[in-house]
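Reader: Please pick one part of this structure and give me a close look at it. After that, I'd be glad if you led me outwards to the rest.

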Amino acid sequence: MSLPFLLEIGAEEIPDWMIPGALESLHLQFEKVEIPHETVRLDATPRRLVLRAEGLPERQPDTEERILGPAKSAPAQAVAGFARKQGVAPEDLAVESTPKGEYYSFLKKVKGRQTKDLLAESLPGLILKIYFPKSMYWTGKGGPQFIRPIRWLVALLGDGVVPFELAGVRSGPLSAGHRRLGSPEIAVTIADYEQRLRDHHVILSAEERRHKIRTELAAVRVKPDAALLETLVYLTEYPTPITGSFDPQFLDLPEEVLVTVMRHHQKYFSVEDASGKLAPQFVAVMNIGSDPEGFVRRGNERVLRARFNDARFFWETDQKKKLADRKPDLAHVTFQAKLGTYLEKTERTMALAKELGGDAHAVRAAELAKCDLTTELVKEFTELQGVVGGLYARVQGEPEPVWQAIYDHYKPESMEDSIPRGRTGQIVALADKLDTLTGCFRVGLVPTGSRDPFALRRAAQGVVRVVVEGKLDLSLANYLADDALRDFLADRVRYYFKDIRGFQYDEVNACMAAGWSQLVDLEARLIRVQNLRASPDFEPLAASFKRIKNILQQAQFTGVGAIDAALLEAGPEQDLYREYESIAGQPIESVISRLRPKVDLFFDKVLVNAPDARVRQNRLTLLGTLLQEFSTIADFSEIVTTS
Amino acid sequence: MQSFQEIILKLKHYWAERGCIIQEPYDIEVGAGTMCPETFLRVLGPKPYRVAYVQPSRRPADGRYGDNPNRLYKHSQLQVILKPSPPDIIEQYLGSLEAIGIDLRQHDLKFEEDNWEAPTLGAWGVGWQVMLDGLEITQFTYFQQCGGIDLELVPAELTYGLERLTAFLQVRDTVYDIEWAKGFSYGDVRYLDELQYSVYNFEMADIPTLWKLFELHEAEALRLLGLYNPKASDKKRFPLLPAYDQVLKCSNLFNTLDSRGAISVTERVGVIQRVRRMAVSVAQAWVDQQREVATAEVAG
């Protein structure tokens, strides 16, 4: 008979962002128990992680275990002892030959265990193995650890409870409803579980909660914000959006500030009018079903008003001291203990911006870029660093390239984010990131594994994107003094072109092997190789290049001298040479179809390893020259060919 | 409408009924209720304890001369410690909100992850900020470590922001307008504190004097800690509580110097370390001392 299974881990509110990962981990741990089953479904709310499976056997299948006994030569007494232990007569034992000789053995039949028992035994350990980025003790030091205290456990197999205890909580058939709209104890069966929760104001399915929010939002023009939506889906058991409004006079504060307050501090969606401009409204998502008296709406409106008033106060206070006048204050702001203050960083970034080809605007922007760290607004809304500086610079009359560069210089902050919009901003962003990378690597603050406290991967990725997408013509190698940093950046270059831009890994390897210091050039070569790949001549030619490389390596051939035309044998060798002479200096795309048959024919007919040393040397020189000529775009021997 | 003091009285009463000792505020300046010995020292060791008290919490850098509607140099926290935390702690907490008249079926309540860390105390915990209709009304923390020591029993710490909570319940846009008691606004009672301490902390505090005071208190704390002998008989006489007072003095002086802009970057990390070292030493000695006290109690 096959049985359904339900596990609900009831906990105090789990941080929203950890829930999807926890479900994955729960699933993985469940599969490790190796109980056969048909389907698995995972669900969660902030207060419960739920696994439901169908088609579990009542009992695990019977198994057999071969038990090796004494050697065949052992005294009869030992053999009888072994047989007795297995509960059979000595003549029922089999004899098995092993590499060590012949041994008595017995095939023991192991009866499959009750699934319920196996679950009861595995579930406590399984639950505690669910991975969370941070966990806690709650029953005391040395007790179980979980993300938040476990308060109830539902474990049902068919109609029966799977009995176990964890952290003083006994499993049973009792779940819990919404904290205030439902009952704290609700008896459930596998069949009515989801409905019972719904009756007690818990929508179990994240998809359904997401849908509910989306549908009820449809009437309002909210700024789309997928990440915020996910947060709210996992922060509520019964989400209901409500719309509130704020005094339109706050709209004269910068939109960036208003949106940040709503988005990051209050978890509100902001609302646009028909023209796409910020409207004096917001949408909050409640964890209850309705707000008939308007308590929640008015409460949220008051909180937002206070927040906006704070922001206005900071905005006005900050104006009393210009950005430029704040530069000396950066001497009091630590960049990193070993790397000194932001004032020192500013001086370095200014110099680097100039070195990178930045004009006076770039240097000015680099000078002011970090000054907003001393403003009240940034102290309050750290995520607005840069943006606030840019806004102040604009108000204080800095030229457009300067304020925009300050505004943008932390960009790109993620793979989805854009790079700074103008050349000045790109130079400043690049200088800032390169300085951070160089400094951190110099004092040994290098990311290890998943630990990257200074976000150096993001900085390096930013460098790559700014240079490539900003088409900055510069040689990165000049700014990467450190070998470790060079390797670190090479990894980001590889990642960018492979995973973000979709080039094949061998194309990336091939092109990078021919140099990657000039990223714009690297990109151009990658596109060429990608296009070349469509040619039927490409892979065979790449295979030939690999062969040439191997031959040269085996012959320990170094240095390409001049080819002695007189030593060339008539036929394929001379043909190849003439072909080379006629196409040298031309792009490989236009000559590949002519070159390939000559190379093929050469390898078909000509023995490179000629008995005459001079002829051999001359042949190697011909091949070496050919390889060099066409290896400036990529090292084709890195191309993985199918043939 | 409930006044500020009525709300406080109701909450104290509520927690008293749930087995809390009701303490009065500690009589030395602190930045948060957590720093009072009733929390910092009592959470250490194996002895269960429950306590609640209102603690005026001083944060020199947050002063705004009484101009800002929500930001205060000195605000009032209701600090509740339940050690160990009972399994129905959240239910008990929600009950306290209902006790002051909040109908939670008509309001939006969310527990948003917020972990807490106090580097100067070598303390951290995990928990939430509790949001009521978008307003943070309580910080809820399960302590994991204090004074650098793993806690044997995990206490729950509830910190209610009393001014905010009252402004919410009284529907006021500025804390100065909340009614403290009939006929008296918060502003009537506290405005001058805000104004004068802002002037002092930002403008008039004498930096060399504050440094001198810091060093005197630090020296006294270190002198005492240096004399503590874990092998001594009758350890319980040893004045660790007074030593801890010296640490609190240092902490407040550090905050004042900081708001006065008197601590350079390089000094800052160092001074935090100095305070932390003293706090950790007190905590360690305290745990050791409590062991003897516990043995004595069993014997007696």
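Author: Let's start at C371(A), which sits in the loop between α11 (360-368) and α12 of chain A; helices (H or I, at least four residues) and strands (E, at least two) are DSSP runs, numbered from the N terminus. Please keep in mind that this is a predicted model, in which local features need pLDDT of at least 70 and side-chain atom pairs count only at pLDDT 80 or more, while totals for chains, interfaces and linings use all residues; side-chain values use heavy atoms, with hydrogens and water left out. Residues are numbered from 1 along each chain as its sequence is written, and chains are lettered from A and ligands numbered from 1 in the order in which they are written.

C371(A) counts as buried because its relative accessible area is 0%; buried means under 20%, exposed over 50%, and partly exposed in between (1.4 Å probe, protein chains only). Setting aside neighbours within four places in sequence, C371(A) has contacts (heavy atoms within 4.5 Å) with L323(A), R326(A), K327(A) and L330(A). As for L26(A), its C-alpha lies 47 Å from that of C371(A), with the two positions 345 residues apart in sequence.

Another residue to visit in chain A is T231(A), found in helix α6 (residues 226-233). T231(A) is buried, because its relative accessibility is 16%. Not counting residues up to four places away in sequence, T231(A) touches D16(A) and K267(A).

Next come the charged pairs. The whole structure holds 72 salt bridges over all chains, where a salt bridge is a side-chain nitrogen of Lys or Arg within 4 Å of a carboxyl oxygen of Asp or Glu. One of them joins D435(A) to R348(A), at 2.7 Å from N to O. This pair ties together distant parts of the chain, 87 residues apart: D435(A) belongs to helix α15 (residues 423-442) and R348(A) to helix α10 (residues 342-355), both of chain A. D435(A) is buried because its relative accessibility is 6%, whereas R348(A), at 27%, counts as partly exposed.

A second link between distant parts centres on R596(A). Its side chain meets that of D537(A) in a salt bridge of 3.1 Å, N to O. The partners are 59 residues apart, with D537(A) in the loop between α19 (519-532) and α20 (538-554) of chain A and R596(A) in helix α22 (residues 588-605) of chain A. D537(A) is buried at a relative accessible area of 13%, and R596(A) is partly exposed at 23%. R596(A) also forms a salt bridge with D600(A), at 3.0 Å from N to O. Here both residues lie in helix α22 of chain A, 4 residues apart, or about one turn of the helix. D600(A) is partly exposed, because its relative accessibility is 26%.

Now for the meeting of the two chains. Here 46 residues of chain A are in contact with 45 residues of chain B. The size of an interface is often given as the accessible area lost when the parts come together. Chains A and B bury about 3800 Å² between them, 51% of it on carbon and sulfur atoms; buried area is the accessible area (1.4 Å probe) that two parts lose on being put together, summed over both. K141(A), R180(A) and R302(A) supply 19% of the area that chain A buries against chain B, more than any other three residues.

Between the two chains there are 8 salt bridges. One of these pairs R180(A) with E98(B), their closest N and O atoms being 2.7 Å apart. A network of salt bridges links E13(A), R179(A), R180(A), E91(B) and E98(B). Across the interface, 21 residue pairs, both at pLDDT 80 or more, are in polar contact; this is a pair of N or O atoms within 3.5 Å, and within protein one must be able to donate a hydrogen and the other to accept it, with residues adjacent in sequence counting only if both atoms are side-chain atoms. On the side of chain A that touches chain B, the elements giving two or more residues are β7 (136-137), β17 (278-286), α8 (295-319) and α12 (376-380) of chain A. The largest share of that side, 11 residues, comes from α8(A).

Finally, chain B itself has 8 helices and 11 strands, and 57% of its 300 residues are buried.
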